[in-house]
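Q: Please take a close look at one part of this model, the largest pocket. What lines the largest pocket, and which residues lie nearest its centre?

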Amino acid sequence: MIIGRKAANFIRLCLSYIVLVALAVAAIYPALWILLASFRPGKSLYSKTLIPETFTLSHYKELFTSPVYMFGTWYANTLKIAVFSMLIGVVLTLLTSYALSRFRFKSRKTTMSTLLILGMFPGFMSMIAIYLLLKEFNLLDTHLALIIVYAAGAPLGGTLIAKGFLDTIPRSLDEAARIDGASNFGIFTRIILPLSRPMITYIALTLFVGPWVDFIFAKLILRTKENWTVAVGMWDMVNTMQNSNFTLFAAGAVLISVPIMILFGFLQRLLVDGLTAGASKG
Amino acid sequence: MQRHKARAGILSAIFMGLGQIYNRQFIKGLMFIAVEAVALIYFISNLGRAFWGITTLGESPSRLEKVKGIAKMVPGDHSIVILIESLITLLFFVLFLILWYMNIRDAYKIGAERENGRPSHTFTQSVRYILDYKFAQSFLLLPGFGILFFTIMPIIFMIMLAFTNYAAPNHIPPAKLVDWVGFETFRNLLVLKSWSHTFYGVLTWTIIWAVLSTVTTYFGGMLVALLINQKGIRFKGMWRMLLIIPYAIPQMISLLLMRNLFNGQFGPINQYLGFFGLNGLPWLTDPFWAKVTVIVVNMWVGIPVSMLLIMGVLTTIPRDMYEAAEVDGATNYQKFRIVTLPMILFSTAPTLIMQFAGNINNFNAIFLLTGGNPVNGNYQYAGSTDLLVTWLYKLTLDQNKNNMASAIGIILFIIVAGFSLYNYRRTKSFQEEDMIQ
């Protein structure tokens, strides 16, 4: 032993801190850059300094006042679509996962495998069919169409994870309640729902964020500009302007990201639980 | 009278609900009768056309016709609309047949019970029975309906498209009709030189991409998680918070942003490199560097997820395993190799396979970052970084080669679904879930 245990430990910690700092810089830099770009005067993508010399809120103001970018309307649209598809989607997901977790019926395993396989299908492959279907029902260019499609797809994504979680709630609780005369529905609302709050939050969050950032499908369905969601609007901004107005894009990006980041911050713990529950319990 | 069940069954087969009424279940019977009445009206006007539509895909194309001496465009059959309408009608028909069968079985069963001297249920009793014993199935009805029409129906539709010649320039309705062509599209894709060259090229890159992106994010995340979890590292929460940030930014934003950062001409990264006297790299315009860029950017997006996941697993590893290892004089590295790594691998293996399958279909990472570019002259409508999934998108939305896109989609689906099903059937929770309770 040439170097003592303490010294080795010290070197190890120093190296770790150096790597961590480097990683943290790499993780934050782009985010910080777009945030600061949104306050930078002018339109250009590049600036010599990371921190702008003068700060301006004009890009944010332009987003909401400009007749070209109806950012306020888009924002409200997105919020509406995301909230409604989240609410319906959560209910549908819980219904399926409760049924699959607590009841034994003939085609149960088939149902589960089918859900899993269907969930793997590349989404926009079915877009043309859904597009024609919505056209049949006169639902093109409406928000209702998006809500229906997002909500109908929700059980595919969340059921198996939620079921994995529900499986961990002891069955004896149900049985005790049943002896006390509770119906299936009573058990669901009074025992299962309160106990699965972390899982519900996790599912709700993913179902909220999905519509919030989806642009492929929204772009296909929403035709008129005042019906767009923010994702479609931002995509259009980058595409039609060839990045010539980068600072405006940055301001929009900040407005989209901040609510989601706040949500993630609050729900970090639950997210970890959700990920691991999905991992170890299938 | 011992022939209730046969009579009730036959009556119900003739007209839904009659058997139930014969069994003196009037409300249920009337409900069934109403259903059949609606169904009859619907099917009489639609079913014939549906069979005609799905076999012929329309017979008259749009054409010019002389009306009072002036040539006028007469709209013909729109094959694709006909196909989807027929499909919907047939799906309703299948649902109706299932209901019809259930109605017969129900009448038969209750008839049998009456023969055994048990009175048939009243309506309230039936409702109670469903709530108590058929709860799961009735719970699944609503989500099942949504999935049937917004997932299964489109999938059937797309599979059917692969067997037609629905492609630009010669078979795009409403101007032209579409026909069934059998396996020709698949044959072209796999054998015909011009298509197969692109297909195998893109397939190879898709697999390389899926392996590299999964491995880099997984082990990157593991490294970060272990770094933060070391004994003696302070401010663990802060480090975690900082490194999670990329995960919280919507992918759409961060990928569009990265596209700007790595821009070869104006992008800050090359400008910084120039500042240090280095030549910029053609990040997104050179085939090789574009591939490197998507992998690197994907690490930035994906490492936080793996980090969270592995941190979660680390907390579940029992302390005493490490203590036992220490007693035996294990070094840090040995502790990692013998305790930590196997524990992590064991509990995240299913997620790892799912991430691999997900990366095969990682549309966003490629589409938003490079759009599949740079262009590859040897390829049929595909660029150097195109995955099968983005190629398929281009073929549908830009090129209108819908049949080819559907064929690729089916192949892609078989690959991915195979993986996930294999994975899922092997997980413990599927095989022995009742044992944990």
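A: The pocket comes below, followed by the second pocket and the contact of the chains.

This is a predicted model, in which local features need pLDDT of at least 70, side-chain atom pairs count only at pLDDT 80 or more, and totals for chains, interfaces and linings use all residues. Residues are numbered from 1 along each chain as its sequence is written, chains are lettered from A and ligands numbered from 1 in the order in which they are written, and side-chain values use heavy atoms, with hydrogens and water left out.

The largest pocket has a volume of about 2400 Å³. A pocket here is an open set of points on a 1 Å grid over the protein atoms alone, where a 1.4 Å probe fits, with protein on both sides within 12 Å along at least five of seven lines; lining residues have an atom within 4 Å of a point. Grid points are joined across faces, edges and corners, and the volume is the space filled by probe spheres set on them.

The lining of the largest pocket counts 47 residues, and nearest its centre are Ile98(B), Met102(B), Gln137(B), Ser138(B) and Leu141(B). Two or more lining residues each come from helix 3 (71–102) and helix 4 (108–119) of chain A, and from helix 3 (26–56), helix 4 (79–115), helix 5 (123–133) and helix 6 (135–161) of chain B. Helices are DSSP runs of H or I with at least four residues, numbered from the N terminus. Helix 4 of chain B gives the most to this lining, 13 residues. By class the lining of the largest pocket has 27 nonpolar, 13 polar and seven charged residues; Ala, Val, Leu, Ile, Met, Phe, Trp, Tyr, Cys and Pro count as nonpolar, Asp, Glu, Lys and Arg as charged, and the others, Gly among them, as polar.

The second largest pocket has a volume of about 1300 Å³. It is lined by 31 residues, with Arg12(A), Gln230(B), Lys231(B), Asn332(B) and Lys335(B) the closest to its centre. Helix 8 of chain B gives the most to the lining of the second largest pocket, with six residues. That lining divides into 14 nonpolar, nine polar and eight charged residues.

As for the two chains, their contact (heavy atoms within 4.5 Å) takes 92 residues from chain A and 96 residues from chain B. Chain A and chain B bury about 8600 Å² between them, 76% of it on carbon and sulfur atoms; buried area is the accessible area (1.4 Å probe) that two parts lose on being put together, summed over both.
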